[in-house]
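Here are some short exercises for getting to know a new structure. Try each task before you read its solution.

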Amino acid sequence: MEFSVWGFPVFKYKFDHPDKALEEILKNATDETLDEMSEDWNAQCKSTAATQNDVTLIHVREELEKCLESFSKDVNIPKENMTFKGCSNVMCKSDDCVDYWINVYKKGDHQDIHYHMNTEDEKTPLFSFTYFAKYDPEKDAKFYFYNPSPAPHMYEEFSGCRPEFKSRVELDISQGEVIFFPPFLLHSVDEQTSDDPRVTLAGNVYR
């Protein structure tokens, strides 16, 4: 499914076996693998290092590859020209450079507004993605995209009848679904108020 977020395409797909993916992700999200992000990032949550997941997230990797196949057709970019490897080498066989990671939000956790545009020393991804591994849309913190306009507040009074003027939007997302979006789209996660953890897998696609 394709959405338009302020004129930019965002794509949504569903894992075939989300329960199996969640089990695998939770096994990899332990006290030994999770680090506090508040010291190094604009967030209060725990995440795994992006280079430690490809060996053990076997089923998740297979599901991601299937979604990437659908995504490649929707954006008309051959799948063989895209990779989840941060080195951007589509022929890379290393398990040490995948660019995706697990995020665990416990009560009180959040992630501030950010994008996935890298510095001159690092390659900027072609697209970014978030997989909602453990997510209850009725009680878990929402994922939002922010208006790229430099002054959305100028049109706040029209936002009810003109969605283009909203300061931020959320998508209709359920557990087991993954979204692919341009890395320059600003996004955030509100504060988690539920006692149960909210778990996602986030990362990037390179060409």
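**Exercise 1.** In this predicted model, find the partner of Glu 65 in a salt bridge and say where the two residues lie.

*Solution.* Start at the side chain of Glu 65: Lys 79 is its salt-bridge partner, and the closest N and O atoms are 2.7 Å apart. Next, place the two residues. Glu 65 belongs to helix H2, while Lys 79 sits in the loop between H2 and S6, so that the pair links distant parts of the chain, 14 residues apart. Last, look at the surface: Glu 65 has a relative accessible area of 29%, so it counts as partly exposed.

**Exercise 2.** Which residues join Glu 63 in a network of salt bridges, and is Glu 63 buried or exposed?

*Solution.* Begin with Lys 66, which forms a salt bridge with Glu 63 at 3.8 Å between the closest N and O atoms. Both residues are in helix H2, three residues apart, or about one turn of the helix. Now widen the view: the network links Asp 16, Glu 63 and Lys 66. For the second part, use the cut-off of under 20% relative accessible area for buried residues. Glu 63 has 1%, so it is buried. Lys 66 has 40%, so it is partly exposed.

**Exercise 3.** Find the salt-bridge partner of Lys 12, then decide whether the two residues are buried or exposed.

*Solution.* The partner is Glu 177, with 3.6 Å between the closest N and O atoms. Lys 12 lies in strand S2 and Glu 177 in strand S11, 165 residues apart, and the pair links distant parts of the chain. Both residues are buried. The model has nine salt bridges by the rule used here.

**Exercise 4.** Which residues have the most contacts inside the largest nonpolar core, and which helix gives the most to this core?

*Solution.* The core has 30 residues, and Ile 25, Phe 129, Phe 180 and Leu 201 have the most contacts inside it. Among the elements that each supply at least two residues are helix H1, strand S8 and strand S13. Helix H2 gives the most, with five residues. Take Phe 180 as an example: beyond its neighbours within four places in sequence, its contacts include Pro 9, Cys 67, Phe 84 and Val 205. A second, separate core has 19 residues, including Val 5 and Leu 171.

**Exercise 5.** Which strands pair with S7?

*Solution.* Strand S4 pairs with S7 in the antiparallel sense over two bridges, and Ala 43 stands opposite Gln 111. Strand S12 also runs antiparallel to S7, joined by two bridges. There, His 187 is the bridge partner of His 114.

Key
Residues are numbered from 1 along each chain as its sequence is written. This is a predicted model: local features need pLDDT of at least 70, side-chain atom pairs count only at pLDDT 80 or more; totals for chains, interfaces and linings use all residues. Side-chain values use heavy atoms; hydrogens and water are left out. A nonpolar core is a set of buried Ala, Val, Leu, Ile, Met, Phe, Trp, Tyr and Cys residues joined through side-chain atoms within 4.5 Å. Buried means under 20% relative accessible area, exposed over 50%, partly exposed in between (1.4 Å probe, protein chains only). Helices (H or I, at least four residues) and strands (E, at least two) are DSSP runs, numbered from the N terminus. Contact means heavy atoms within 4.5 Å. Two strands pair if DSSP finds at least two bridges between them. A salt bridge is a side-chain nitrogen of Lys or Arg within 4 Å of a carboxyl oxygen of Asp or Glu.
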